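Hi there,

Here is the structure I promised to pass on to you. Have a look at it first, and then read on for what turned up.

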Number of protein chains: 2
Amino acid sequence: MAIAPDILDRFKALAGPGGFAEDPETLAPYLIEWRERFRGRTPLLLRPRTKEDVAAILKLASETQTPIVPQGGNTGLVGGQIPDGEILVSLTRMRRILSVDPENNTMNLEAGVVLADAQAAAEAADRLFPLSLASEGSATIGGLLSTNAGGTNVVRYGNARDLVLGLSVVLADGRVLDLMRGLRKDNTGYDLKQLFLGAEGTLGLITEAVVKLFPRPRTVEVALVGLDDVASALALYHRVQEASGGAVSGFEVMPRIGLQFVLAHQAGTRAPFDPLPPWTALIEISSPARDPHLRGALESALADAIEAGGAVTAVLAESARDRAAFWALRDGLSEAQKYEGGSIKHDVSVPLSQIAPFIEEASRAVEAACPGIRVVAFGHLGDGNVHFNLSQPPGADRDVFLARWQEMNDIVHGIAHRRGGSISAEHGLGQMKRHEITRYKSATEMDVMRALKRTLDPHGILNPGKVV
Amino acid sequence: MAIAPDILDRFKALAGPGGFAEDPETLAPYLIEWRERFRGRTPLLLRPRTKEDVAAILKLASETQTPIVPQGGNTGLVGGQIPDGEILVSLTRMRRILSVDPENNTMNLEAGVVLADAQAAAEAADRLFPLSLASEGSATIGGLLSTNAGGTNVVRYGNARDLVLGLSVVLADGRVLDLMRGLRKDNTGYDLKQLFLGAEGTLGLITEAVVKLFPRPRTVEVALVGLDDVASALALYHRVQEASGGAVSGFEVMPRIGLQFVLAHQAGTRAPFDPLPPWTALIEISSPARDPHLRGALESALADAIEAGGAVTAVLAESARDRAAFWALRDGLSEAQKYEGGSIKHDVSVPLSQIAPFIEEASRAVEAACPGIRVVAFGHLGDGNVHFNLSQPPGADRDVFLARWQEMNDIVHGIAHRRGGSISAEHGLGQMKRHEITRYKSATEMDVMRALKRTLDPHGILNPGKVV
């Protein structure tokens, strides 16, 4: 359904000169998702500067029943931010840090602030805004909160949802719902902000937020540990949490094949162990204290783990350069797979107690279905989040392999689901998993989701075709 | 509106022998709130044993449009659990611990489990379930989650909401919404469990939960610190958080007059300082590590604070007995006020940066309105939660003083609100603050709350007259 020209004219008049664009060249970068999996189309891009602008846009959209798609930094991986003929509303011009309150450990900011800028503003006040992920140079606060983004330090600081104290949201009818409270305790009725966190812009548009800040870490230690199996990694996780007093800020596991890919394809990387053990854990512990004892606590926990068996070898970073080199191995895993042909990816989570059996069962199942397939299962062990990625058999036809995407999804998601897991740990549903999720959620859960959607967006104008 | 006898008969038939009660003697303890502020009435008490029982009750309630009030341990302070003619559904027979998964750091349990039993089950698995408050010997999980309970260690572990990974909820129409996932990352649509946490049973009945567990603390240090003013307490809070690596698990402030009341009325208490300073902070730090350095970190942070000014004196607990004695001073504050005549209480929160100016401004305002009034402002400084309690002027008439409850509320809540605060930090709205809250929330926020209520409880049968 195309939007009528006279309606588009009303939106343009509302936006004013400079507040909109419709030429294909300007629009192009907004219409393609960076993995190039989703390509969209829109008759009009609006770029509001204030929440009042957003309210006016949604008021008109509601009156004219015109669908809109909100977009932040366009870094989502499931197509949630890509329009299919709707008006596109980019919030990237709303990029003011409104205030920083170091005594309250909070920061108020607009939805279009880029994550790296938010981190820098916190740092300038000698505080940490802990949300951190690969796309932090482009991803915006509004998008990150709307998708309840994760990252590598969720184990310590929680998901994006856990970092939010307050929100301002424009509702489908253009009313501003002001929930900009910077409180750590507030039991005055339904916690409405929770509705919009993780809703991917389908229930309202987040325009401002109050986020939590933390003391900056002053001691950071990083280690790599060679392990026989994933079960040993989980035991090690609990051991290090206890020994460090809960100081674990990253706990990643990497399979031998994943490190082999990184070492083969990423310049400047070096094998931490020779030979490489079946699994390697990357452990980061950190503290806001200048704590010379933390390293010793980590060292003795690792020594104990090796003596207890399961862990076979370990190396601690001696410098910031070492720490960066250790993390580079982990950060290179996704990229390195590109050089090994087609890959079919999964972003699942399971209870921590199910990680090892899940990886074992799912590996056997995909190997049986596709002999020669290479399982590259890695991820955030402390959160139960496994990026269960599959590289094609060496020499196989890439397109033939990729044509089996859904088949592999069904196998892997089915096993994760039976083990109490989720088919989307951190990436969301967007367009990509909107239909698939109905197979894994109960009819009642889907019904309640749809009832909320109808209540808050009765005309279905907010990011239609996404999530529900 | 009385419930017709034939309808009551259908509920009794459903509950079966032993599943209901209607004699006044059995009902009496369910109908009075422990501060005796709310007295209720009901024609029928139902005591289901399973979530299927609860589902059948709500199915019938929905069909017959019969209102029900859910109740846990009957420890709420705002009348949320007290019926006014509705059928009362007590969940206290649903008290099974369903499973404990120490590897996943989770526990599955029924709504009627008493908090102390939940804590014990976690401890038996060498884990900590951190939720802790004065009524833990009676309060049940269902009630605690429905009210998003707080307590003294929110500063470390968050509110009840933050401790929940999964829920099972019976909806108004009797359908079971099964969200019993034990996952730390799950971005598959709207996070529906958030709706029911803190909703005080007005949107659905929580019947089971998956809660988070933590490593048990093996090192605990407690100190009392004498301070000139509240601003110095806040500076001390940040200093100790940094020095201890975020190990603060309790940070309470107490005014001189509050300690004087405790020392005068509670047998066995001893003054920590002579003379008593204007303010005393109680600091607890703890760690799952056996960490001999933690005490030293606290000692040097306190020495630094005294050198910097504001903090004037400090004493560390030398034993478990000392720690208990220090906490007894704090725990005695509410009780001790009873011996000083009538008291008017407030449970407000403000941003941490507003605590000191809030206490100063509100104290001046109530003293101007009621000369001789004694302000006993204490609470959880790390959460911005102040129990701003007012004891009557010595010798004044108790009833005349208590008749000014609403006037004092208006003064105190108004100042908290203007400073970005909340009129109910941890106790909820219930009946007590249901009308008052409409003065402090925007029309839009109230509208959205009411729209959610209509969506999930179209006949208004769930805990009517509470929250919205």
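**A threonine in chain B**

In this predicted model, the side chains of B:Thr64 and B:Thr66 make a polar contact at 2.6 Å. B:Thr64 belongs to helix α3 of chain B, which covers residues 51-64. With a relative accessibility of 17%, B:Thr64 counts as buried. Leaving aside residues up to four places away in sequence, B:Thr64 touches B:Ile7, B:Arg10 and B:Phe11.

**How the two chains are arranged**

A turn of 180 degrees, with a shift of 0.0 Å along the axis, lays chain A on chain B with an RMSD of 0.0 Å. The two copies are thus related as by a two-fold rotation axis. Which residue of chain A comes closest to that axis? A:Gln194 does, with its C-alpha at 3.2 Å.

The contact itself involves 82 residues of chain A and 82 residues of chain B. Three residues, A:Lys185, A:Asn187 and A:Tyr190, supply 16% of the area that chain A buries against chain B, more than any other three residues. The area buried between the two chains is about 6,300 Å², and carbon and sulfur atoms give 54% of that. Of the interface residues of chain A, 100% are also interface residues in chain B, so the copies meet through the same surface.

As for polar pairings, 46 residue pairs are in polar contact between chain A and chain B. On the side of chain A that touches chain B, β9 (176-179), α7 (193-196), α8 (230-243) and α16 (443-456) each supply at least two residues. The largest share, 10 residues, comes from α16(A).

**Salt bridges**

How many salt bridges does a search of the whole structure find over all chains? The count is 64, and 12 salt bridges are found across the interface of chain A and chain B. One of the latter pairs B:Arg218 with A:Glu242, whose closest N and O atoms are 3.5 Å apart.

Some of the others lie within a chain:

- A:Arg96 and A:Glu110 form a salt bridge, with the closest N and O atoms 2.9 Å apart. A:Arg96 is in the loop between β4 (87-90) and β5 (97-101) of chain A, while A:Glu110 is in strand β6 (residues 106-110), so the pair ties together parts that are 14 residues apart in sequence. A:Glu110 counts as buried, at 1% relative accessibility.
- A:Arg418 meets A:Glu361 in a salt bridge of 4.0 Å, N to O. This pair links helix α15 (residues 405-418) of chain A, home of A:Arg418, to helix α13 (residues 355-369) of chain A, home of A:Glu361, and the two residues are 57 residues apart. A:Arg418 is exposed, at 61% relative accessible area, whereas A:Glu361 is partly exposed, at 23%.
- B:Arg41 forms a salt bridge with B:Asp84, the closest N and O atoms being 3.2 Å apart. B:Arg41 sits in the loop between α2 (24-27) and β2 (45-46) of chain B, and B:Asp84 in the loop between β3 (68-71) and β4 (87-90) of chain B, 43 residues apart. B:Asp84 counts as exposed, at 52% relative accessibility.

There is also a network: salt bridges that share partners join A:Glu123, A:Asp126, A:Arg216, A:Arg218 and B:Glu242.

**Cysteines**

Searching the whole structure for disulfides gives 0 over all chains. A:Cys370 is buried, at 6% relative accessibility, and B:Cys370 is buried as well, at 5%.

Happy exploring, and best wishes!

Note on methods. Residues are numbered from 1 along each chain as its sequence is written. Chains are lettered from A and ligands numbered from 1 in the order in which they are written. This is a predicted model: local features need pLDDT of at least 70, side-chain atom pairs count only at pLDDT 80 or more; totals for chains, interfaces and linings use all residues. Side-chain values use heavy atoms; hydrogens and water are left out. Copies are superposed by least squares on the C-alpha atoms of residues with pLDDT of at least 70 in both. Contact means heavy atoms within 4.5 Å. A disulfide is a pair of cysteine sulfur atoms within 2.5 Å. Buried means under 20% relative accessible area, exposed over 50%, partly exposed in between (1.4 Å probe, protein chains only). Buried area is the accessible area (1.4 Å probe) that two parts lose on being put together, summed over both. A salt bridge is a side-chain nitrogen of Lys or Arg within 4 Å of a carboxyl oxygen of Asp or Glu. A polar contact is a pair of N or O atoms within 3.5 Å; within protein, one must be able to donate a hydrogen and the other to accept it, and residues adjacent in sequence count only if both atoms are side-chain atoms. Helices (H or I, at least four residues) and strands (E, at least two) are DSSP runs, numbered from the N terminus.
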